[in-house]
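Take a look at the structure below. The text after it goes from one chain to its domains, then to its neighbours, and last to a pair of helices.

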4 protein chains.
Amino acid sequence: MPKERAKCAVIGASGYAGEELVRLLLAHPFADLVAVTSRQYAGKSLADVFPKFSHVANARELQFRDSEAAKIAGMAGIVFLALPHGVSAGMAKSFLERGARVIDLSADFRIRDPEVYKEFYGAEHIAPDLLSNAVYGLPEAYRNQIAEAALVACPGCYPTSILIPLLPLVREKLVLADLISVTSLSGVTGAGRKVEADYLFSECNESARPYGVPRHRHLSEIEQELAAAAGRMFPIQFVPHLVPMNRGIISTMLLELAPGVDEPHISDAYRAAYATEAFVRLLGTVGLPDTKNVAGSNFIDISWRIDPRTKRLIVMSAIDNLVKGTSGQAIQCFNLMRGYPESVGLL
Amino acid sequence: MPKERAKCAVIGASGYAGEELVRLLLAHPFADLVAVTSRQYAGKSLADVFPKFSHVANARELQFRDSEAAKIAGMAGIVFLALPHGVSAGMAKSFLERGARVIDLSADFRIRDPEVYKEFYGAEHIAPDLLSNAVYGLPEAYRNQIAEAALVACPGCYPTSILIPLLPLVREKLVLADLISVTSLSGVTGAGRKVEADYLFSECNESARPYGVPRHRHLSEIEQELAAAAGRMFPIQFVPHLVPMNRGIISTMLLELAPGVDEPHISDAYRAAYATEAFVRLLGTVGLPDTKNVAGSNFIDISWRIDPRTKRLIVMSAIDNLVKGTSGQAIQCFNLMRGYPESVGLL
Amino acid sequence: MPKERAKCAVIGASGYAGEELVRLLLAHPFADLVAVTSRQYAGKSLADVFPKFSHVANARELQFRDSEAAKIAGMAGIVFLALPHGVSAGMAKSFLERGARVIDLSADFRIRDPEVYKEFYGAEHIAPDLLSNAVYGLPEAYRNQIAEAALVACPGCYPTSILIPLLPLVREKLVLADLISVTSLSGVTGAGRKVEADYLFSECNESARPYGVPRHRHLSEIEQELAAAAGRMFPIQFVPHLVPMNRGIISTMLLELAPGVDEPHISDAYRAAYATEAFVRLLGTVGLPDTKNVAGSNFIDISWRIDPRTKRLIVMSAIDNLVKGTSGQAIQCFNLMRGYPESVGLL
Amino acid sequence: MPKERAKCAVIGASGYAGEELVRLLLAHPFADLVAVTSRQYAGKSLADVFPKFSHVANARELQFRDSEAAKIAGMAGIVFLALPHGVSAGMAKSFLERGARVIDLSADFRIRDPEVYKEFYGAEHIAPDLLSNAVYGLPEAYRNQIAEAALVACPGCYPTSILIPLLPLVREKLVLADLISVTSLSGVTGAGRKVEADYLFSECNESARPYGVPRHRHLSEIEQELAAAAGRMFPIQFVPHLVPMNRGIISTMLLELAPGVDEPHISDAYRAAYATEAFVRLLGTVGLPDTKNVAGSNFIDISWRIDPRTKRLIVMSAIDNLVKGTSGQAIQCFNLMRGYPESVGLL
């Protein structure tokens with residue numbers, strides 16, 4: 001059955017997430033990219049700003065414009081917001097009021113409790129009335145709700161790499177929730193296209209460094225979603241690191257097994273949860289994840305080991321932070337919202 | 001008072017550790033490099049094999065030779081062994097019997113218990129009689145013993161980055177030893193100059209990956225030295241990762257504080273232990289370590305934070321794996337053994 | 001009109017070119033990959049060796065086998081050879097005799113004159129009788145012949161990056177052929193998955209270096225094809241360099257304009273030659289090529305400038321050495337040979 | 001004979017060149033670094049801004065200040081200017097009038113003819129009266145004049161990598177000056193610590209690209225110095241490229257030999273010119289330069305080949321752009337100006 005095509009807009013298309021959305025939408029068989037915005041590049045074509053798209057007729061013709069919600073809502077039924085947190089909430093409101101469905105890549109609608117938002121993001125939420133309508137855009141956890149949603153809040157990149165491996169374990173009470181430790185390694189696009197000295201080539205190349213210690217903002221959504229799975233709130237330990245590569249996140253999770261739990265329970269839980277998921281690849285107890293195996297793709301690779309000496313469970317995952325960690329996952333949500341096959345445009 | 005010069009040999013000078021030893025010895029004001037060995041390069045000069053040394057007259061003249069202990073022991077009073085484990089032990093024996101003092105960079109004399117050696121290295125130790133004489137070459141812990149030693153076993157790179165931060169905390173019982181977790185990130189020279197597909201440029205570039213899970217060999221010496229500090233044995237959790245840079249290790253340690261311990265106790269313990277150490281830089285609770293700040297140097301940078309949410313202590317360190325992690329530390333031991341100022345040739 | 005599917009085999013699928021062919025064939029809408037060979041990996045599945053393909057059912061099932069021409073020729077009508085030069089020729093003969101059409105990625109059939117082959121490759125050609133049937137697989141130059149060919153010799157990566165920009169200029173006599181100088185920069189996959197010390201991560205990272213000076217083997221095919229365009233033979237100056245990135249070639253060509261030639265003639269020639277080519281993107285006199293704009297794609301980006309001070313023409317191109325430079329171009333030839341749209345599976 | 005120590009100031013110490021000057025001066029046995037300036041960091045210590053210097057007592061104490069020439073000239077006899085062109089000239093004037101000797105790393109005093117300066121730098125020179133006093137700081141060409149100079153203009157990084165190899169050939173008329181072509185590859189620190197999107201990690205990593213085509217500013221000084229050697233002016237062809245590494249420049253020069261010139265003449269000319277130079281390493285016709293062999297050092301490595309097919313001479317050089325290309329060369333000039341051994345603090 002032929003699918004009805006969707007008219008899409010990308011608001012804030014000049015960052016890495018926006019650029020990656022554009023890449024995926026230009027190649028998507030059912031999407032028509034009808035508007036892209038960027039204050040900085042207004043008036044220039046997509047092909048001018050991103051020469052790698054210059055062979056696509058639409059990229060040569062489509063010009064960046066300012067973010068006029070009224071006009072764009074008249075053109076596009078689906079609006080992707082790739083804006084800084086704080087800015088996104090107001091824009092989402094404008095688009096929703098005009099009848100568009102919104103897929104937000106910022107943090108603005110990920111946190112259900114405006115107090116927690118304020119604690120982690122340092123400002124009052126500007127559209128708290130919308131929070132209860134927003135669906136957390138992790139298809140492996142909220143597939144049905146995403147399909148129906150008017151407003152989807154796509155997870156952060158670290159949370160995606162951590163929640164997909166942890167949710168089944170926490171939900172099934174296979175691990176002791178209070179003793180979860182996570183160390184992550186991220187490529188530099190994870191910082192966005194921020195023009196700051198810290199992200200210059202010669203500051204990042206030949207450099208590995210922890211940052212955001214001890215309270216990275218992504219903790220707020222990680223803990224919210226783990227709490228939903230566990231039925232109670234608990235803090236987790238999280239230390240992110242920046243490493244010199246463009247794309248990719250490795251998350252390494254150290255976990256205490258619940259009494260009586262052994263390796264087969266872990267493997268069973270993963271298979272039960274993810275055997276039919278299109279984008280979860282279970283490497284099991286033999287393989288190990290490597291960012292180069294997921295680069296450019298929407299997959300998450302997960303492997304695990306029980307350390308016979310400490311009896312702890314080590315779970316390791318790899319994603320491409322810009323695809324499964326951001327824009328690919330947004331497309332996965334878009335496919336669900338539109339009733340397209342979930343993996344179309346992503347394989 | 002002018003120091004007596006030392007005649008030195010480097011056995012196995014073609015790997016990264018050997019090359020770095022050569023670099024440091026050629027520039028050392030009191031060392032005369034009189035012999036270098038390498039089966040592969042026998043007959044070629046140091047300058048031929050390592051053009052970066054070609055401006056040094058001695059490097060143009062000194063030719064790689066085979067490892068004839070008898071001849072070399074007659075030339076050099078100090079012998080550095082940069083050989084694979086298993087090979088090193090026999091060579092050490094030959095040199096010691098001929099009266100040379102030996103600084104071994106392999107794992108062969110790091111483990112005091114030959115059963116543990118066998119467990120982690122998979123073979124019987126071939127010179128177990130020497131184990132009791134060997135001194136673990138961590139100057140911050142064994143300075144006086146190193147000065148007197150005939151045989152020094154230089155620590156591994158990960159152990160150096162982990163033990164220097166952990167020893168004072170474990171010794172003073174500021175943390176609960178049984179719940180220590182360590183995640184490390186290493187540059188690719190950490191694997192040595194091994195000609196294997198896994199270490200090709202295009203396999204490592206744009207790749208981050210855990211490896212050696214769950215039982216990396218370096219655990220044996222880490223646990224041995226922590227046990228010595230704690231007065232009892234306990235296992236630790238350790239997950240190393242390979243990241244795409246040449247040099248550097250970041251180790252991130254997650255620790256449970258002992259009851260009643262707070263941040264000032266930690267800072268005090270670090271100052272008491274290391275305020276006068278030439279190569280330990282305490283970044284405290286503000287700075288964060290970055291491998292680029294220690295690249296090419298013998299420093300270890302250490303910072304720490306107490307996470308107010310989990311009450312855990314996060315300690316982070318950075319070293320250059322080839323300098324403080326290997327060859328610089330060997331020179332530091334050499335200086336101690338010869339009665340030179342400890343930092344000569346290293347600043 | 002639905003296309004008939006093609007059964008394909010990749011002989012020597014464990015190198016970078018083979019792996020990239022596999023990637024493209026697994027995603028190709030009209031190709032069925034029915035056999036892959038590798039001595040080293042015989043018995044393992046594609047997914048075992050290349051975990052990045054593990055979500056593809058065919059990759060989990062298809063096992064590497066030895067290169068038995070008889071058996072494979074019975075299975076596949078199109079055989080891609082991704083073998084070392086010298087080895088490829090014999091294998092091609094076996095497959096051709098059994099009725100398969102062969103797309104060879106080695107150098108064995110690129111050079112029409114066996115004497116030139118011997119001069120540059122240091123050995124007698126082992127199947128000189130086949131040379132006259134082979135078509136040089138540069139679709140922009142030999143589209144019609146490729147469509148009919150039983151044996152296609154895909155160009156080298158440097159030649160592709162150099163010939164596409166130079167052929168129209170030489171053909172139209174817009175530049176003085178005898179004074180052509182080319183400098184190229186290549187990523188490290190250009191060396192193949194050779195397990196040699198020179199290509200270890202830590203030998204290539206932070207390293208830029210010329211190599212293959214003064215007579216790189218690719219000169220033989222560059223000069224052959226330029227001679228065909230000019231109607232006479234002439235030597236060109238070519239200096240390749242290795243730079244620390246995975247993929248990509250930049251070629252910078254310095255050219256003397258023929259008397260009376262000015263910028264509009266150059267632009268006209270390029271438009272005339274390439275305006276309708278699917279994979280040639282003319283950046284003209286404003287943009288500059290960048291390998292990151294062609295990474296993973298089959299495009300060649302070309303820009304040019306006349307230096308007002310020297311009156312010389314500077315032409316610069318960028319390709320992905322593994323796609324347009326090798327395996328993507330092979331797929332482009334495959335599409336032509338099978339009568340598929342030329343860009344199918346490549347956009 | 002003990003040397004008199006020199007009090008030094010670095011004006012503009014927050015960029016890569018300034019930071020590298022600070023590194024070299026802190027370790028220099030005869031230099032006292034008494035003042036560093038930076039508008040951005042005024043009030044912070046050197047150790048705060050550059051943690052890698054934090055073990056040096058002077059770096060912990062010395063605070064960045066504003067560039068008050070009057071006060072600083074009273075403190076330091078030698079002033080290094082690491083400022084943008086245009087800004088440097090005025091500052092140099094202020095310091096010279098107060099009796100300091102000035103070593104300028106900008107382009108402001110490299111060009112003797114203010115008209116050429118204006119042509120390449122797009123502005124009137126603001127201190128043209130000083131041009132005749134400035135000495136071009138290439139010790140291999142102007143050693144005696146540098147020793148006596150009050151104002152030294154350190155060469156650019158590309159010019160250093162190009163002039164040292166070319167000057168003897170042009171001076172001896174061994175090559176045809178009118179047909180000189182140069183292609184260079186530079187690491188990203190060559191662009192300075194400019195906070196611009198073009199130099200972000202993810203824009204440079206996995207990217208190689210030509211830039212500054214066809215008229216890079218460094219051409220002005222290259223041509224000026226070659227004209228001085230040849231006795232007449234002629235344009236050269238120069239195409240620089242950016243490659244993904246921190247440090248290093250490779251310059252590859254294509255040259256037409258003068259009639260009757262053969263390889264021995266070239267080798268003789270290089271030996272005659274440079275056999276006794278401390279920082280020129282002649283690799284001859286066997287070795288090839290590699291940036292990793294000069295990283296962190298003040299050496300220039302030079303090799304050459306005559307192409308038997310084209311009869312052209314290919315000369316290739318490697319330097320560290322921040323050391324021999326900038327700050328190391330400035331220290332070399334400083335040593336000459338102060339009568340210290342030329343290589344002190346640089347080996």
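Domain bounds here come from an automatic or database domain assignment. On that basis, chain A is divided into domain 1, residues 6-133, and domain 2, residues 158-321. Keep in mind that this is a predicted model.

Start with how the two domains sit in chain A. Their centres, taken over C-alpha atoms, are separated by 27 Å. The domains are in contact: domain 1 of chain A gives nine residues, and domain 2 of chain A gives seven residues. On the domain 1 side, the largest share comes from helix α6 of chain A, residues 114-121. That helix supplies three residues. What kinds of residue make up this side of domain 1 of chain A? Six are nonpolar, one is polar and two are charged.

Now step out to chain B. Chain A and chain B meet through 37 residues from chain A and 37 residues from chain B. Several strands of chain A each supply at least two residues of the side that touches chain B. They are β8 (181-186), β9 (209-210), β10 (237-242), β11 (249-256) and β14 (312-319). By class, the chain A side divides into 18 nonpolar, 10 polar and nine charged residues.

How are these two copies related? A turn of 180° and a shift of 0.0 Å along the axis lay chain A on chain B, with an RMSD of 0.0 Å. The two copies are thus related as by a two-fold rotation axis. The interface tells a matching story. Of the interface residues of chain A, 100% are also interface residues in chain B, so the copies meet through the same surface.

Chain A also touches chain D. Here 14 residues of chain D are in contact with 14 residues of chain A. The chain D side holds seven nonpolar, four polar and three charged residues.

Finally, look inside chain B. Which helices cross there at roughly 35°? They are α7 of chain B, residues 139-148, and α13 of chain B, residues 323-338. Their axes come within 8 Å. The crossing of α7(B) past α13(B) is right-handed. From α7(B), the contact uses Pro139(B), Arg143(B), Ile146(B) and Ala147(B). From α13(B), it uses Gln332(B), Cys333(B), Leu336(B) and Met337(B). Six residues of this contact between α7(B) and α13(B) are nonpolar, one is polar and one is charged.

Terms used. Residues are numbered from 1 along each chain as its sequence is written. Chains are lettered from A and ligands numbered from 1 in the order in which they are written. This is a predicted model: local features need pLDDT of at least 70, side-chain atom pairs count only at pLDDT 80 or more; totals for chains, interfaces and linings use all residues. Axes are lines fitted to C-alpha atoms, for helices over the stretch in contact, and angles run from 0 to 180 degrees between N-to-C directions. Helices (H or I, at least four residues) and strands (E, at least two) are DSSP runs, numbered from the N terminus. A crossing is left-handed if the near helix is turned anticlockwise from the far one by less than a right angle, and right-handed if clockwise. Two residues are in contact if their C-beta atoms, placed from the backbone, lie within 7 Å. Ala, Val, Leu, Ile, Met, Phe, Trp, Tyr, Cys and Pro count as nonpolar, Asp, Glu, Lys and Arg as charged, and the others, Gly among them, as polar. Copies are superposed by least squares on the C-alpha atoms of residues with pLDDT of at least 70 in both.
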